[in-house]
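Here is a short report on one protein model. It starts with the overall build and ends with the aromatic side chains.

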Amino acid sequence: MTWVDVSTPLSENVAVWPGDNPFSFTPAARIVDGDICNVSTVTMSSHCGTHVDAPWHLEDAVPRLDAVNTDIFFGPARVIEIDTADNVSPEHLGNEPLPPRVLIKTRNSNYSSDAPFHENYAALT
């Protein structure tokens, strides 16, 4: 099986949802400074960079991410490219049954990972 990493690299310039805490990576201890180990502090919103929204993100009475079986994230996936639509709706996915894993590539992939937040992003309806 070939692994393909589709995640966005994290940096201090990565776009975040308006009002969310930005990503920061701060050294807390460094061997070069006489500390016994290297330790860093990472601060970010759960909406920073590439992430998965748990069902709980939008409803209280459903599972949080720690209750979701992680097997769903690994295995063959179909990539559906929908690069011209403002939003992705069921009509874009066709009438055939979908496989267990689907990645939807939208025009958002054209935005640089360190560009400011784009309010006109393509989303699921």
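**Model and confidence**

This is a predicted model. Its mean pLDDT is 90, and 100% of the residues reach 70 or more. Confidence varies among the elements. Strand S2 (residues 39-43) has the highest mean pLDDT, at 97. S6 has the lowest, at 89.

**Overall build**

The protein has six strands and zero helices. Read from the N terminus, the order is β-β-β-β-β-β. The radius of gyration is 18 Å, whereas the globule rule gives 14 Å for 125 residues, so the protein is more spread out than a compact globule. The C-alpha trace spans about 60 × 35 × 30 Å along its principal axes.

Buried residues account for 15% of the 125 residues. The protein exposes about 9700 Å². Carbon and sulfur atoms supply 54% of that area. Contacts can also be sorted by sequence distance. Of those between residues at least 6 apart in sequence, 44% join residues at least 24 apart.

**Aromatic pairs**

How many aromatic pairs does a search of the whole structure find? The count is four. One of them joins tryptophan 17 and tyrosine 121. Their ring centres lie 5.8 Å apart and their planes meet at 70°; an angle over 60 degrees counts as edge-to-face, so this pair is edge-to-face.

Where do the two partners sit in the chain? Tryptophan 17 is in the segment before strand S1 (24-29). Tyrosine 121 is in the loop between strand S5 (102-106) and strand S6 (123-124). The two parts are 104 residues apart in sequence, so the pair ties together distant stretches of the chain.

Are these two residues buried or partly exposed? The table gives the values.

| Residue | Relative accessible area | Class |
|---|---|---|
| Tryptophan 17 | 38% | partly exposed |
| Tyrosine 121 | 32% | partly exposed |

Buried means under 20%, so neither tryptophan 17, at 38%, nor tyrosine 121, at 32%, qualifies.

The pair also belongs to a cluster. Ring pairs link Trp17, Phe117 and Tyr121.

**A charge over a ring**

Another aromatic side chain has a charged partner. Which residue places its charged end over the ring of tryptophan 56? Arginine 64 does, with its charged end 3.9 Å from the ring centre.

**In brief**

The model is an assembly of six strands without helices, and it is more spread out than a compact globule. Trp17 and Tyr121 share a ring cluster with Phe117, while arginine 64 sits over tryptophan 56.

Definitions and conventions:
Residues numbered from 1 in each chain as written. Predicted model: local features only at pLDDT ≥ 70, side-chain atom pairs only at ≥ 80, totals over all residues. Heavy atoms only, no water. Phe/Tyr/Trp six-rings, centres within 6.5 Å; stacked < 30°, edge-to-face > 60°. Helix = DSSP H or I, 4+ residues; strand = E, 2+ residues; numbered from the N terminus. Buried < 20%, exposed > 50% of the residue type's maximum accessible area, 1.4 Å probe, protein only. Lys NZ or Arg CZ within 6 Å of the ring centre and 35° of its normal. Rg over C-alpha atoms; globule rule 2.2 N^0.38 Å. Contact = heavy atoms within 4.5 Å. Areas by Shrake-Rupley, 256 points an atom, 1.4 Å probe, with all protein chains shown as cover. pLDDT = per-residue confidence, 0-100.
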